[in-house]
Amino acid sequence: MSYVKAKNILPVELLEMIQEYVDGTYLYIPQKCENRKKWGESKDSKTWYKNRNHQIYLYYKKGVSVKKISEQFFLSEKSVYRIILQEKKTILR
């Protein structure tokens, strides 16, 4: 995120009103709800994790031990079991 100078984009009247509340401090203005992206949409994280989790499930179905899967993907065994359970539920839908 980069900063933008308020004096370069806001009308003088509005800038003076804002200065009544926060003079000389940083102010974060959030996006409107309708403009927000869902988690994973901007960098394809969601797709990456979905593919990884499916691959973990396929290894499990082939008989690879949970311990080996956890070592290969740098996850705890508990996380691998959670992913397997989630994938099973997804397939059954």
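Visitor: Which residues of H5 are buried?

Guide: Happy to start there, and do keep in mind that this is a predicted model. Buried means under 20% relative accessible area. By that cut-off, the buried residues of H5 are Ser-79, Val-80, Ile-83, Ile-84 and Glu-87.

Visitor: What arc do the buried residues of H5 cover around the axis?

Guide: An α-helix has 3.6 residues a turn, so residues three or four places apart point the same way. The buried residues of H5 are Ser-79, Val-80, Ile-83, Ile-84 and Glu-87. They lie on the same side of H5, because the arc they cover is only 135°.

Visitor: Which residues are exposed on the other side of H5?

Guide: Exposed means over 50% relative accessible area. On that other side, the exposed residues are Lys-78 and Leu-92.

Visitor: How far apart are the end C-alpha atoms of helix H5?

Guide: Helix H5 runs over residues 77-92, which is 16 residues. At 1.5 Å a residue, the helix should span 22 Å. The model agrees with this, as the end C-alpha atoms are apart by 23 Å.

Visitor: Which helices are included in what covers the buried residues of H5?

Guide: Take Ile-84 as an example from H5: leaving aside residues up to four places away in sequence, Ile-84 touches Ile-56, Tyr-57, Tyr-60 and Val-66. The cover over the buried residues of H5 includes helix H3 (45-61) and helix H4 (66-73).

Visitor: How many residues make up the largest nonpolar core?

Guide: The members are Ile-56, Tyr-57, Val-66, Ile-69, Phe-73, Val-80, Ile-83 and Ile-84. Each of H3, H4 and H5 supplies at least two residues of this core. The full count for the largest nonpolar core is eight.

Visitor: What kind of aromatic pair do Trp-48 and Tyr-49 form?

Guide: The whole structure holds three aromatic pairs. In the pair of Trp-48 and Tyr-49, the ring centres are 4.9 Å apart and the planes are at 85°. Planes over 60 degrees apart count as edge-to-face, so this pair is edge-to-face.

Visitor: Is Trp-48 buried or exposed?

Guide: Its ring partner Tyr-49 is partly exposed, at 36% relative accessibility. Trp-48 has a relative accessible area of 52%. Over 50% counts as exposed, so Trp-48 is exposed.

Visitor: What is the angle between the planes of Tyr-59 and Phe-73?

Guide: Tyr-59 sits in helix H3 and Phe-73 in helix H4, 14 residues apart, and the pair links distant parts of the chain. Tyr-59 is partly exposed at 23%, whereas Phe-73 is buried at 17%. Centre to centre the rings are 6.1 Å apart, and the pair is tilted, with an angle between the planes of 55°.

Definitions and conventions:
Residues are numbered from 1 along each chain as its sequence is written. This is a predicted model: local features need pLDDT of at least 70, side-chain atom pairs count only at pLDDT 80 or more; totals for chains, interfaces and linings use all residues. Side-chain values use heavy atoms; hydrogens and water are left out. Helices (H or I, at least four residues) and strands (E, at least two) are DSSP runs, numbered from the N terminus. The expected span of a helix is 1.5 Å times one less than its number of residues. Buried means under 20% relative accessible area, exposed over 50%, partly exposed in between (1.4 Å probe, protein chains only). The arc is that of the directions from the helix axis to the C-beta atoms. Contact means heavy atoms within 4.5 Å. A nonpolar core is a set of buried Ala, Val, Leu, Ile, Met, Phe, Trp, Tyr and Cys residues joined through side-chain atoms within 4.5 Å. Rings of Phe, Tyr and Trp (its six-membered ring) pair if their centres lie within 6.5 Å; planes under 30 degrees apart count as stacked, over 60 as edge-to-face and the rest as tilted.
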